[in-house]
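Below are some notes for a colleague who is reading this structure for the first time. Please keep the sequence and the model open while going through the points.

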Amino acid sequence: MTVIVTGGAGFIGSNFIFYILKKHPDYRIICLDKLTYAGNLSTLKYVMDLPNFRFVKADICDREAVDKLFGEEKPDMVVNFAAESHVDRSIEDPEVFLRTNVIGTSVLMDACRKYGIIRYHQVSTDEVYGDLLLDRPEMFFTETTPIHTSSPYSASKASADLLVLAYHRTYGLPVTISRCSNNYGPYHFPEKLIPLMIANALNDKPLPVYGKGENVRDWLYVEDHCKAIDLIIHKGTVGEVYNIGGHNEMRNIDIVKLICRELNKPESLITYVTDRKGHDMRYAIDPTKIHNELGWLPETKFADGIKKTIDWYLNNRDWWEEIINGEYRNYYEKMYANR
Ligand code: NAD
Ligand code: DAU
């Protein structure tokens, strides 16, 4: 089995590559990644020299490059993680989100049509459903919840989902889509809540909480997401959407306080800053379908996962310090200096 994994130098894609190479050591894995600010080749250093792994630096929007790779490798499956993934950046500059997340998805699927494929899997997000109210805890996102997006990021991901379903219906492309809740774990880029708070706390810097910190996210350890995708691409039904989430809702402020406690840092580092525009209030996934149809259940409890994650950031300072001391400094300054 030859699998092209796009966006494999990023957070979830790299964790997926590690998982799949371990679970299916006979598979050939090709990572296709543009190495944007969010992609990091050093993340893949442990697999780079494996005989059944190949890294290709290319843009998923580049038809010629994608066509060439498909011609060379004739993949059986494509798992598309490549995306612009940060909501705050999409609010600053939406265009690149449309290009990569929508056009890039269509370029990949056109190559799948041309060369033939047994599965194209689109890694999507629970953000396509918009948000839920804090005072309606009985409500959850199911696969039939209407698409109702809030940010340019989520709108681009929803557009891609619609395109994927259209390629299935129109051309019979064998697709699946997964919509997962917030992930956390190793190699999470430090612009996102959990790694940003860990890095700032370790550097005794302010911990910028948007608004009142009451927004709720449904956190899942990244390996549980990878396991779910592995199940979907092998056993999921073509044309179907699967929600992935572990019923682990937490308020942002509680996560930040927990990180302070774990690192023995004072809560006085917490600074309330101007809220995100259009900030989604609550995400909560109903994972009944993937549980009933594919037997998936999350395995890592948040209490264990967050400890493992914090330990990883403590033991891999080089990885994130190199990032925060580079171009990221300008980003941080722009987004947080006068917030
Ligand atoms: P990330 O930002 O950490 O990584 C994205 C990767 O894609 C990077 O390696 C980057 O270089 C690559 N990339 C970006 N544009 C590209 C292009 N044009 N061509 C080729 N490669 C390109 O993202 P992530 O957090 O790992 O998210 C991966 C996927 O999972 C995304 O599709 C995202 O929407 C989805 N998702 C993320 C979460 C989460 O909590 N992080 C939850 C649900 C779904
Ligand atoms: O739900 C899945 C989505 O989760 C993915 O599709 C996205 O790619 C991923 O980035 C993530 O989106 P969020 O916007 O939920 O994640 P983020 O880490 O950016 O923010 C989590 C919450 O923390 C959100 O309510 C905003 C808040 N926040 C974030 C940052 C970066 C802060 O309060 N302060 C911060 O500095």
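1. Start with Tyr-187, which is buried, with a relative accessible area of 11%. The cut-off for buried is under 20%, so a value of 11% puts Tyr-187 in that class. The residue sits in the loop between β7 (183-184) and α6 (193-202). Its phi is near 70 degrees, a positive value in a residue that is not glycine. Please bear in mind that this is a predicted model.

2. Why is a positive phi worth a remark? Most residues other than glycine have a negative phi. Asn-264 is another case to look at, with a positive phi of about 60 degrees although it is not a glycine. Asn-264 belongs to the loop between α8 (252-263) and β13 (270-273). Is Asn-264 buried or exposed? With 72% relative accessibility, Asn-264 counts as exposed, whereas Tyr-187 is buried.

3. Next comes the ligand. Ligand 1 is surrounded by 28 residues, and the closest are Ile-12, Asp-33, Ser-85, Tyr-153 and Lys-157. By class, this shell has 13 nonpolar, 11 polar and four charged residues.

4. Which atoms of the protein lie by the oxygen and nitrogen atoms of ligand 1? For Ile-12, a backbone N or O atom lies 2.7 Å from an oxygen atom of ligand 1. For Lys-34, a backbone N or O atom is 3.0 Å from a nitrogen atom of the ligand. Thr-100 takes part through its side chain, where an N or O atom is 3.1 Å from a nitrogen atom of ligand 1. On its own, ligand 1 has 840 Å² of accessible area, and the protein covers 97% of this. The elements that give two or more residues to the shell are α1 (11-23), β5 (119-125) and α5 (152-171). The most comes from β5, with three residues.

5. Now the charged pairs. Side chains of opposite charge can pair when their charged atoms come close. The count of salt bridges in the model comes to 22. One of these joins Asp-161 and Arg-179, with N and O 2.8 Å apart. Asp-161 lies in helix α5 and Arg-179 in strand β6 (residues 175-180), so this pair ties together parts that are 18 residues apart in sequence. Both Asp-161 and Arg-179 are buried.

6. A salt bridge within a helix is found between Glu-72 and Lys-68, where the closest N and O atoms are 3.1 Å apart. Both residues are in helix α2 (residues 63-73), and because they are four residues apart there, about one helical turn separates them. Glu-72 counts as partly exposed, at 40% relative accessibility. Lys-68 counts as exposed, at 56%.

7. The side chains of Asp-254 and Arg-251 also meet in a salt bridge, 2.9 Å from N to O. What are their accessibilities? Asp-254 has 30% relative accessibility and counts as partly exposed. Arg-251 is partly exposed as well, with a relative accessible area of 35%. Elsewhere, salt bridges that share partners join Arg-28, Arg-54, Lys-68, Glu-72 and Glu-73 into one network. The Glu-72 and Lys-68 of point 6 are thus members of this network.

Terms used. Residues are numbered from 1 along each chain as its sequence is written. Chains are lettered from A and ligands numbered from 1 in the order in which they are written. This is a predicted model: local features need pLDDT of at least 70, side-chain atom pairs count only at pLDDT 80 or more; totals for chains, interfaces and linings use all residues. Side-chain values use heavy atoms; hydrogens and water are left out. A residue is near a molecule or strand if one of its heavy atoms lies within 4 Å of it. A polar contact is a pair of N or O atoms within 3.5 Å; within protein, one must be able to donate a hydrogen and the other to accept it, and residues adjacent in sequence count only if both atoms are side-chain atoms. Accessible areas come from the Shrake-Rupley method with a 1.4 Å probe; for residues, only the protein chains shown count as cover. Ala, Val, Leu, Ile, Met, Phe, Trp, Tyr, Cys and Pro count as nonpolar, Asp, Glu, Lys and Arg as charged, and the others, Gly among them, as polar. A salt bridge is a side-chain nitrogen of Lys or Arg within 4 Å of a carboxyl oxygen of Asp or Glu. Buried means under 20% relative accessible area, exposed over 50%, partly exposed in between (1.4 Å probe, protein chains only).
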